[in-house]
Every structure is written in structure tokens, then in C-alpha cells.
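Grab a pencil and open the viewer. Here are a few short exercises, each with a worked solution.

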Amino acid sequence: MDTLIAHVMADDPFSRLCGAELLGEMAEARGMAPLIMALNDPVLPVRWVAGRALRNLGTQGVESLLSALGDGAVPVRRRGAELLGRTGDSRAVRPLLGALRDGSPEVQLAARWALVGIGESAVESLIAVMGDGDSHVQLSARWVLTRIGRPATDSLFLALRDRDHRIRSHAAA
């Protein structure tokens with residue numbers, strides 16, 4: 001395991017690529033942190049292999065991707081959000097809603113598309129944040145709901161009767 005971690009941190013891009021691939025296959029908790037760091041690798045194939053490895057690790061991978069949303073590097077947060085959307089895991093909904101407030105427009109956009117990818121599981125939470133005081137979050141929630149489409153329609157109709165005028169307003173728009 002230590003050898004593979006060393007490969008992920010190596011100077012040679014091919015070593016990093018191979019190390020990330022093999023760490024993903026091992027599916028051990030110690031390999032998650034280096035894979036998250038590899039999401040910020042300067043070489044695109046290394047980033048993609050690390051992301052695929054994390055996405056394919058099931059529960060452990062989702063937890064690692066959730067932690068990537070709090071990383072200091074914008075590319076890591078963005079890639080974490082993108083990959084969470086591909087998992088379809090409903091545990092990602094709340095953290096992705098938080099990422100709508102990220103200081104980076106790249107991360108915000110990735111979070112919006114990730115919520116679209118999660119789909120119906122995100123609808124109730126998205127309707128709830130339409131009542132948020134942050135107009136950017138309200139508009140993002142509406143944007144996501146329109147792209148989810150049919151599964152969100154019934155909930156949007158119910159939201160038209162919500163007590164919060166902001167939710168009613170965004171549901172009507």
C-alpha cells in the first residue's frame with residue numbers, strides 16, 4: 001500500500017496514473033486521501049483515473065468525494081461535485097446544496113449539474129432551499145429543478161401552495 005501511495009505522489013505522470021488505478025482497485029481507506037489529492041493533478045488522465053476510482057468505490061468513495069467538497073483547491077472541489085453527481089447517491093444532496101454557496105463559480109456550476117444527476121432524490125431539498133434568503137441559491141435550485149424535469153413537476157405544483165412566498169414565487173417561475 002505504501003508503495004502505491006508513493007507512486008501517486010511521484011514526479012512521473014505514468015507512475016501517478018498507475019498508482020491511482022491500483023489504489024482504486026485495492027479499495028482501502030488509506031488510499032482515499034492520495035486519490036483525493038490526485039483530483040488536483042496537473043495531468044488530466046491522472047485526475048480522471050483518480051475520480052473514476054473514487055466514484056467506483058461505493059460508500060467509501062462517496063464519503064471521500066464528500067470530503068473533497070471541503071478541500072482548499074477549487075479543481076478538487078469541482079471534480080468532487082462532478083463525480084458525486086455521477087454516483088446518484090442521495091447522501092450528496094445536502095453537501096451539494098452547500099456547494100451552491102462556494103466562492104468559486106466553477107464549483108457552483110458543478111454542484112448544480114451534480115444535483116441534476118442525482119435527480120428525483122434531490123427534489124424535496126431543492127424546493128426547501130427555494131425559501132433560502134440567498135437569491136443565488138434560490139435561482140440555482142430553480143435551475144436544477146427545471147433540468148430534472150418531470151420528476152420535479154408534482155413537487156413544484158405542491159410548492160405553489162407553500163406558506164413561504166419565496167418558495168411559491170420560484171415554483172411559479
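**Exercise 1.** Decide whether D41 is buried or exposed, and find what surrounds it.

Solution. Keep in mind that this is a predicted model.
- Start with accessibility: D41 has a relative accessible area of 7%. Buried means under 20%, so D41 counts as buried.
- Next, locate D41: it sits in the loop between helix 3 and helix 4.
- Now look for contacts, skipping neighbours within four places in sequence: D41 touches R16, V46 and R47.
- Finally, check D12: it lies 29 residues from D41 in sequence, and the two are 11 Å apart in space, C-alpha to C-alpha.

**Exercise 2.** Work out how helix 4 and helix 6 are arranged, and which residues meet.

Solution. Two packed helices are described by the angle between their axes and the distance between the axes.
- Take helix 4 as residues 44-55 and helix 6 as residues 74-87; their axes are 10 Å apart, at an angle of about 45 degrees.
- That angle makes helix 4 and helix 6 oblique to each other.
- The handedness of this crossing is right-handed.
- On the helix 4 side you'll find R47, W48, G51 and R55; they meet R79, L83, R86 and T87 of helix 6.
- Sorted by class, this contact has four charged, two polar and two nonpolar residues.
- Notice that R47 of helix 4 takes part here and is also in contact with D41.

**Exercise 3.** Do the same for helix 6 and helix 8.

Solution.
- The axes come within 7 Å and cross at roughly 10 degrees.
- Angles under 35 degrees count as roughly parallel, so helix 6 and helix 8 are roughly parallel to each other.
- Helix 6 brings V74, R77, R78, A81, E82, L84 and G85 to the contact, and helix 8 brings E106, V107, A110, A111, A114, G117 and I118.
- By class, that gives eight nonpolar, two polar and four charged residues.

**Exercise 4.** Describe helix 6 itself: its span, its buried residues and what covers them.

Solution.
- Helix 6 has 14 residues and reaches 20 Å from its first C-alpha to its last, close to the 20 Å expected at 1.5 Å a residue.
- Its buried residues are V76, R77, R79, G80, A81, L83, L84 and G85.
- Their cover includes helix 3 (32-38), helix 4, helix 5 (58-68), helix 7 (93-99) and helix 8 (105-118).
- Step just past the end of helix 6 and you reach G88, which takes a positive phi of about 70 degrees.

Conventions
Residues are numbered from 1 along each chain as its sequence is written. This is a predicted model: local features need pLDDT of at least 70, side-chain atom pairs count only at pLDDT 80 or more; totals for chains, interfaces and linings use all residues. Side-chain values use heavy atoms; hydrogens and water are left out. Axes are lines fitted to C-alpha atoms, for helices over the stretch in contact, and angles run from 0 to 180 degrees between N-to-C directions. Helices (H or I, at least four residues) and strands (E, at least two) are DSSP runs, numbered from the N terminus. Angles under 35 degrees count as roughly parallel, over 145 as roughly antiparallel, 65 to 115 as roughly perpendicular and the rest as oblique. A crossing is left-handed if the near helix is turned anticlockwise from the far one by less than a right angle, and right-handed if clockwise. Contact means heavy atoms within 4.5 Å. Ala, Val, Leu, Ile, Met, Phe, Trp, Tyr, Cys and Pro count as nonpolar, Asp, Glu, Lys and Arg as charged, and the others, Gly among them, as polar. The expected span of a helix is 1.5 Å times one less than its number of residues. Buried means under 20% relative accessible area, exposed over 50%, partly exposed in between (1.4 Å probe, protein chains only).
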